[in-house]
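Reader: I am in my first year and would like to learn how to read a structure step by step. Could you take my questions one at a time?

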Amino acid sequence: MQNIKRKQTRQIRLGQVLIGGGAPVSIQSMLSVPTRDVQAALSQIQELEQAGCQIIRFAVTGEEDLRAIKTLKQSASVPLVADIHFDYKLALGAIAAGVDGLRINPGNIGSREKVEAVVKAASQHDIPIRIGVNGGSLPQHLLQKYGLSAQAMVEAALEHVRILEDLNFEAIKISVKASSLPLTLESYRALSERVTYPLHLGITEAGTLLSGSVKSAMALGILLSEGIGDTIRVSLTADPVREVQVARQILQNLELRKGLNIVSCPTCGRTRVNLFKLADEVEKALQKYSELPLTIAVMGCAVNGPGEAREADFGIAGGQGEGLIFARGEIIKKVPENRLVAELVKLVEENAQSL
């Protein structure tokens with residue numbers, strides 16, 4: 001399926017998800033609602049799972065969040081990772097509550113002794129730790145020595161890796177995220193040369209849906225194409241479900257994951273159908289088939305559409321009040337415009353079992 005030669009990394013287990021060591025690249029997202037709001041959190045977890053999210057992270061900011069963890073764990077079918085800043089006691093509480101993994105920021109979790117306490121608890125409960133380095137929260141001594149640079153990012157990660165290794169803890173995943181695309185690329189490339197631990201990819205504070213998706217797709221696409229990366233998150237100022245959808249598209253376009261691929265033409269003067277609306281309707285109608293290895297074409301021209309999309313498994317081409325249903329470039333039938341989507345869905349349903 002893939003021509004990308006991925007870097008061989010150590011394998012760790014996060015809940016039931018294998019990470020590194022040749023395991024498929026996993027998609028992660030993060031709850032945007034307060035963890036203590038249990039009903040909202042449960043609802044968002046369900047939405048993310050349905051969208052194809054495989055790892056869900058959430059913020060733990062106090063005792064109320066800790067109390068919610070047990071309920072979230074009972075309902076979630078994917079691993080849950082507690083995101084901890086500043087207070088190492090919250091990390092200890094999250095471990096005791098049953099989280100599948102931890103994410104800590106080495107720039108703000110506290111002294112070596114506090115990190116050691118967290119590591120010992122994680123080891124006892126057999127859960128991995130992600131060392132999360134962010135460009136915006138590097139330790140002062142590294143900033144003074146190196147400035148905001150890839151060298152500072154990598155050294156921040158390695159300082160804490162050494163602490164974990166000194167404690168014989170190797171269930172480690174690392175991220176070195178920045179909001180700058182060049183800095184992120186340089187940091188991950190340098191880190192990948194220094195360690196064999198699995199790496200979590202992402203651009204931090206990437207931006208809104210459009211700008212953040214573009215920046216993330218560029219960074220993650222480049223690194224993944226170089227064989228770097230074992231889990232990914234597209235960080236957007238948007239509904240986290242959109243993060244998962246963008247991440248899926250990145251992996252599918254790199255042929256690192258199979259799934260539904262919808263192609264559509266950009267429209268032109270020949271178009272006699274509202275193609276923007278039609279493409280959106282197709283995408284929504286086929287959402288539940290997102291795992292199927294199918295290419296679906298949505299074309300705006302009934303004359304050239306089937307020919308231009310002959311590589312698609314199935315597709316539709318709009319016209320003046322009517323359109324064509326086709327399979328692998330061959331026209332199956334002509335239907336009224338208002339039946340195009342329904343007929344396409346019917347065709348997919350009829351063939352879903354054989355895929």
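Reader: In which loop is Glu255 found?

Author: This is a predicted model, in which local features need pLDDT of at least 70 and side-chain atom pairs count only at pLDDT 80 or more, while totals for chains, interfaces and linings use all residues. Residues are numbered from 1 along each chain as its sequence is written, and side-chain values use heavy atoms, with hydrogens and water left out. Helices (H or I, at least four residues) and strands (E, at least two) are DSSP runs, numbered from the N terminus. On that numbering, Glu255 lies in the loop between helix H9 (240–253) and strand E11 (261–264).

Reader: What is the relative accessible area of Glu255?

Author: Buried means under 20% relative accessible area, exposed over 50%, and partly exposed in between, with a 1.4 Å probe and protein chains only. Glu255 counts as partly exposed, because its relative accessible area is 42%.

Reader: Which sign does phi of Asp126 have, positive or negative?

Author: Most residues other than glycine have a negative phi. Asp126, which sits in the loop between H4 and strand E7 (129–134), is not a glycine, and yet its phi of about 55 degrees is positive.

Reader: How are helices H4 and H6 oriented to each other?

Author: Axes are lines fitted to C-alpha atoms, for helices over the stretch in contact, and angles run from 0 to 180 degrees between N-to-C directions. Helix H4 (residues 112–124) and helix H6 (residues 150–166) pack with their axes 10 Å apart and at an angle of about 55 degrees. Angles under 35 degrees count as roughly parallel, over 145 as roughly antiparallel, 65 to 115 as roughly perpendicular and the rest as oblique. H4 and H6 are therefore oblique.

Reader: Which residues in H6 are met by residues in H4?

Author: Contact means heavy atoms within 4.5 Å. From H4, the residues taking part are Arg112, Val115, Glu116 and Val119, and in H6 they meet His160, Ile163, Leu164 and Asp166.

Reader: Which strands stand at the edges of the sheet?

Author: Two strands pair if DSSP finds at least two bridges between them. Eight strands form an open sheet with parallel pairing, in the order E8-E7-E6-E5-E4-E3-E10-E9. Each edge strand has a single partner, so one side of it is left without a neighbour in the sheet, and these strands are E8 (172–177) and E9 (200–201).

Reader: Which residue in E6 does Asp83 stand opposite?

Author: Strand E5 (residues 80–84) and strand E6 (residues 101–104) run parallel and are joined by four bridges. The residue in E6 opposite Asp83 is Arg103.
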